[in-house]
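Subject: Structure for you to look at

Hi,

Here is the structure I promised to pass on. Have a look at it first, and then read on for what turned up.

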Amino acid sequence: MGIITENPTSKMAGSASDSADSNAAIGRDIAENMGRPEKMRRVEKSSQRCGVVVSHGWYSEEIYRAVYNSVIDAGVRGNKNIEEVLDDGFADGGLSDDEIADEEAIEMSEETPLQHQRIDPNLKSLIVRHTSGGISGMETSRLIGDSTQLKNLTIEGEHINWIGDPRTLEWFSEFCAGLARNGSIDHLSLNECNLDRETAANAIARLSPFLELNSNLRSVQMTSCNVGDDIVRLLASALSRRRDKESLRRIDLDSNLIDDESGAELVDALRGYDNLSELSLSDNEIGQKSCDALGDLLSSPNAGLAELNLESNAIDDDGIASIANALADNASLKELNLSFNCDITQAGWRTLFTCLNDCSSSLETLDLSSTNLAD
């Protein structure tokens, strides 16, 4: 089992550095092909930041997404050379063709708005970065709701004014109505959509049919949306009522102000999701109750969870004990990230390592960087 105890930004092993250099080189090659080398600065930064962990495969998908996003940023579509570079560079940890779908992707942005004549019923991927200058919310609703081919839907909300703009809120309301009727999307990603609580609650309520009934849904990513406790409970309720629990493979709810109690409700709602292989809850406020729920989830005889990211939470000695005890009965978990959990003392770490020594754990990578382990 590989244990990571270094902060990735402070020291790199040779093989990890080589991996990061390779990722950065691939990024530069792509950028040069697009004529937009400045777009790769964040890819290189991401590669270097993740250097140590890359050698264990933890961030391979994140770096892949960073490279892919740079392609989307530049508005390049159907470039076989880029597609081949991506496939060659990240064959082990890359996304599927359905998730990437870069040949089919259309972007709604301020610079290149999606016009009426570009609406294609066979559209595979839609990325939204701006809600002005393109098609209306009602037209977007029809496009998404009526589509039987759309696989990847992403909203990058960093540059969208979510607070105090009635046009944006109206657009998003129509968007949610259309999404609720869609049954083809397998990857939904909402990033930095900083909705107020009322709008977020209404959105999740309208999205409930999508979460409950879409049997094709495999991945839900909602990061840095600051949804809070009440919204997480609505999300948990929708997931608990989902008819097809076998299709969902990945849930990412990083940076959403999820507290311990609502986090526990969310994890409890995931019982029966035996094919769920990735769960990321980093940069939240989960603690003892959530860890107890995670322990129950990991102890389930049919548990299939392979990657669990709990970086930067409020886990203490009691919380780590719940997770450690569950690992004795778990045969699926391969990667566990507990970095930046500074409330765990030496006693908590001893409990974890004692459990790992006493059982035949399947764990291969354990990230303990930036913790109190060495104090």
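Let me start with some rings: Trp-171, Phe-172 and Phe-175 are linked by ring pairs into a cluster. One thing to keep in mind throughout is that this is a predicted model.

The structure has two aromatic pairs. One of them joins Trp-171 and Phe-175, which are stacked, with 5.3 Å from centre to centre and 10° between the planes. These two sit four residues apart in helix α8, about one turn of the helix. How buried are they? Trp-171 has a relative accessible area of 4%, and Phe-175 comes out at 1%; buried means under 20%, so Trp-171 and Phe-175 both qualify.

Phe-175 also pairs with Phe-172: the ring centres are 5.7 Å apart and the planes are at 20°, so this pair is stacked too. Phe-172 and Phe-175 are both in helix α8 as well, three residues apart, again about one turn. Phe-172 is buried, just as Phe-175 is.

Now for the strands around that helix. Helix α8 (residues 166-180) belongs to a right-handed β-α-β unit together with β4 and β5. Strand β4 (residues 152-156) runs parallel to β5, and five bridges join them. If you want a place to find that pairing, look at Asn-152, whose bridge partner in β5 is His-187.

On to β6 (residues 219-223), which pairs with β5 in the parallel sense, also over five bridges. Here Ser-189 has Gln-221 in β6 as its bridge partner. To get from β5 to β6 the chain passes through helix α9 (residues 197-213), and this β-α-β crossover is right-handed.

Is β5 mostly covered or open? Covered: five of its five residues, 187-191, are buried. His-187, Ser-189 and Asn-191 point one way from the strand, while Leu-188 and Leu-190 point the other way, and all of them are buried.

Last topic: charged pairs. Side chains of opposite charge can pair when their charged atoms come close. How many salt bridges are there? The count comes to 10, and these are a few I'd look up:

- Asp-186 and Arg-218 form a salt bridge, with 3.9 Å between the closest N and O atoms. It links distant parts of the chain, since Asp-186 is in the loop between α8 and β5 and Arg-218 is in the loop between α9 and β6, 32 residues apart. Asp-186 is buried at 5% relative accessible area, whereas Arg-218 is partly exposed at 29%.
- Arg-241 and Glu-212 meet through their side chains at 2.6 Å, N to O. Arg-241 lies in the loop between α10 (228-240) and β7 (250-252) and Glu-212 in helix α9, so the salt bridge ties together parts 29 residues apart in sequence. Arg-241 is partly exposed, with a relative accessible area of 43%, and Glu-212 is buried, with 16%.
- Asp-252 and Arg-250 make another salt bridge, their closest N and O atoms being 3.6 Å apart. Both of these residues are buried.
- Asp-230, Arg-233, Glu-261 and Glu-265 are linked by salt bridges into a network.

If you'd like a place to begin, try β5, with β4 and β6 as its parallel partners, then move to the ring cluster of Trp-171, Phe-172 and Phe-175.

Cheers

Technical notes. Residues are numbered from 1 along each chain as its sequence is written. This is a predicted model: local features need pLDDT of at least 70, side-chain atom pairs count only at pLDDT 80 or more; totals for chains, interfaces and linings use all residues. Side-chain values use heavy atoms; hydrogens and water are left out. Buried means under 20% relative accessible area, exposed over 50%, partly exposed in between (1.4 Å probe, protein chains only). Two strands pair if DSSP finds at least two bridges between them. A crossover is right-handed if, with the strands pointing away from the viewer, the path from the first strand over the helix to the second runs clockwise. Rings of Phe, Tyr and Trp (its six-membered ring) pair if their centres lie within 6.5 Å; planes under 30 degrees apart count as stacked, over 60 as edge-to-face and the rest as tilted. A salt bridge is a side-chain nitrogen of Lys or Arg within 4 Å of a carboxyl oxygen of Asp or Glu.
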